[in-house]
Each structure stands twice: as structure tokens, then as C-alpha cells.
Amino acid sequence: MQACSRHLEQCLLHRLAEPNPRPLGLATGRTMEPLYGALVARLKLWPQEQLQQLCRHWLSFNLDDYVGLSAGDPSGYSAYMQKHLGQPLGLGPQQLRLPQPDAVDPEAAAQAYQQSLAATGGVGLQLLGLGSNGHVGFNEPPCGPLMACRVVQLSAATRQQNAGLFGGDPQRVPEAAITLGLKEILAAEEIHLVVTGSGKAAILKKLLDDEPSEQLPASWLRQHPWVWLWVDRAAMG
Ligand code: GLP
């Protein structure tokens, strides 16, 4: 986490010098919690003026959020982002964009989210975690590389994996989500896939060994020219 957070810190520093950097693409999940913690600790050591400049110009788009939660639901990803980045850095909801979880028409909300990202030129630096079934964002298998931002049905495995934020009960995890697709993810300038813990060892091995396929959505990342893979010892198996 230290190596990855140091690298991200350097990326953020370079972006300060760019006239119109593209927005950041951010992820949620347990993997990102220590990473955001380490990154925030580093940023807090910056000279105050530099940190203020970074925060003033901050714009990020998250990968995904659940469908059917209220906007302020503590299990939603908006609350997650406020907790891990918004509050520590003083960033407002307009700077930390996510799909709208409580839209009456989720398909329209997915389109609106896609359009607001497209209006910025797309993601610059994309952070990704890896689902145990090989998903990135909520691009559940099977999923091809051209799939765009949309409403998806979540698999039983994913609802089980993410039950922690819902009192441990997979039945309480919403059945659907809005996710950026592989299309938007692969259009990012650079991608950082972070994989930690022994629970991800099997899927990481598959990702490294197998040819790209719809059964392993993360495998399409191998077609991108600028992907960083950050792993810990446990995930290496
Ligand atoms: C979740 C999220 C992803 C996340 C991934 C890994 O379902 N939709 O954005 O990166 O799966 O989650 P975790 O880090 O908790 O293992």
C-alpha cells in the first residue's frame, strides 16, 4: 500500500502542473480503504497551499454504485467516499461524483452518468479493485471489452462478497447497480489494478495465466497499453 500510495501521490503532484487534467477514476471496496488512508496521510504532509490547490481542482468519478439505496444510505458508495476521502480532504459531493443510487429511472441515470464523464473527456488515472469472480467495477462475467456504462444485475457471489456493508446479510445487498463499463475503463489514460489478500490469489493467478475472455472481465485490461498491477504477498499465493 505504501508503494502504491507513494506512486499515486506523485501522479497527483504531476497533475497539479497540467492545465486541464482529466478526472480521476476511483474505486470502492475493502482493498481501497488502506490505500486511501495511506494516500490521505501523505497528502496531509504537503505544504498547505499545494494541498488546497489539489483539493480545489479535485474531480473524480467513481466506478459504480448500487441501485435502490437512498442518496445518504451509509451502505452506499457515496457515504464510503465521503468517509475515506471527502471528509479527510474537505471534498464536496460535486467533486466526488458517483452514479445516482435513488433514481426513479436507473437506465437514464446510467446514461446521465456516462454523459457527464464523457463531457470531461473521460478518466485520466483509473484505480481498480478486483472482484473474486474477476469483475472490475460491477462488470460481472460474462462481459466483453465494449460494454459501456449501464445498469447491471449483481451475481450471488458478488452480493455475498459485499455483504459486509449490509450487516453481513447478502439478501440486503441490492440486486442491481450502475457501473462504468470496460469501454470507459479501457479509455482511461492509465490504470492501476490493486489486488490484496489471500482471498484474491486464485483469481489473480487466472488473470495472469489465462487469455482475455468474457468469463474474466478484468482480463481485458491486458489490452490496455498502460496498466499497473499492485499486489501484496498474500495475493501472490
Ligand atoms: C466490488 C466493487 C469494486 C471493488 C471490488 C473489490 O464489488 N464494485 O469496485 O473494487 O468489488 O472489492 P473488495 O476490495 O472489497 O474486495
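## Enclosed cavity

In this predicted model, the count of cavities of 30 Å³ or more comes to one. The volume of the largest cavity is about 80 Å³. Its lining is made up of Leu8, Cys11, Leu12, Leu24, Leu26, Tyr36, Leu39, Trp58, Leu85, Leu125 and Leu127. Two or more residues of this lining come from each of α1 (2–17), β1 (24–26), α2 (32–43) and β5 (125–128). Of these elements, α1 supplies the largest share, three residues.

By class, the lining of the largest cavity holds 11 nonpolar residues, with no polar and no charged ones.

## Largest pocket

The largest pocket encloses about 400 Å³ of space. A total of 24 residues line this pocket, and those nearest its centre are Thr28, Gly29, Arg30, Gln161 and Asn162. The elements that contribute two or more residues to the lining are β3 (64–66) and α4 (77–89).

In contrast to the cavity lining, which has no polar and no charged residues, the lining of the largest pocket comprises nine nonpolar, 11 polar and four charged residues. The ligand sits in this pocket.

## Ligand environment

The shell around the ligand consists of 14 residues, the closest being Arg30, Thr31, Asp64, Asn162 and Lys200. By class, three residues of the shell are nonpolar, eight are polar and three are charged. Arg30 and Asn162 are listed among the closest residues to the ligand, and both also belong to the residues nearest the centre of the largest pocket.

Both backbone and side-chain atoms approach oxygen atoms of the ligand. A polar backbone atom of Arg30 lies 2.8 Å from a ligand oxygen, and a backbone N or O atom of Gly129 is found 3.5 Å from an oxygen atom of the ligand. From a side chain, a polar atom of His135 is placed 2.9 Å from a ligand oxygen. The ligand taken alone exposes 390 Å², of which the protein buries 98%.

## Second largest pocket

The second largest pocket has a volume of about 310 Å³. Its lining numbers 16 residues, and Arg15, Pro21, His57, Trp58 and Leu59 are those nearest the centre. Two or more lining residues come from each of α1 and α3 (48–56). The greatest contribution is that of α1, with three residues.

This lining divides into nine nonpolar, four polar and three charged residues. Two features link the second largest pocket with the enclosed cavity. Trp58 is one of the residues nearest the centre of this pocket and also lines the largest cavity. Helix α1 likewise gives three residues to the lining of the pocket and three to the lining of the cavity.

## A cis peptide bond

Most peptide bonds are trans. The bond that joins Pro141 and Pro142, however, is cis, with an omega of about -5°. Pro142 is located in the loop between β5 and β6 (150–153). Strand β5, which precedes this loop, is also among the elements that give two or more residues to the lining of the largest cavity.

Conventions:
Residues are numbered from 1 along each chain as its sequence is written. This is a predicted model: local features need pLDDT of at least 70, side-chain atom pairs count only at pLDDT 80 or more; totals for chains, interfaces and linings use all residues. Side-chain values use heavy atoms; hydrogens and water are left out. A residue is near a molecule or strand if one of its heavy atoms lies within 4 Å of it. A polar contact is a pair of N or O atoms within 3.5 Å; within protein, one must be able to donate a hydrogen and the other to accept it, and residues adjacent in sequence count only if both atoms are side-chain atoms. Accessible areas come from the Shrake-Rupley method with a 1.4 Å probe; for residues, only the protein chains shown count as cover. On a 1 Å grid over the protein atoms alone, a cavity is a set of points where a 1.4 Å probe fits but cannot get out, and a pocket is an open set with protein on both sides within 12 Å along at least five of seven lines; lining residues have an atom within 4 Å of a point. A molecule sits in a cavity or pocket if more than half of its atoms lie within 2 Å of its grid points. Ala, Val, Leu, Ile, Met, Phe, Trp, Tyr, Cys and Pro count as nonpolar, Asp, Glu, Lys and Arg as charged, and the others, Gly among them, as polar. Grid points are joined across faces, edges and corners, and a volume is the space filled by probe spheres set on the points. Helices (H or I, at least four residues) and strands (E, at least two) are DSSP runs, numbered from the N terminus.
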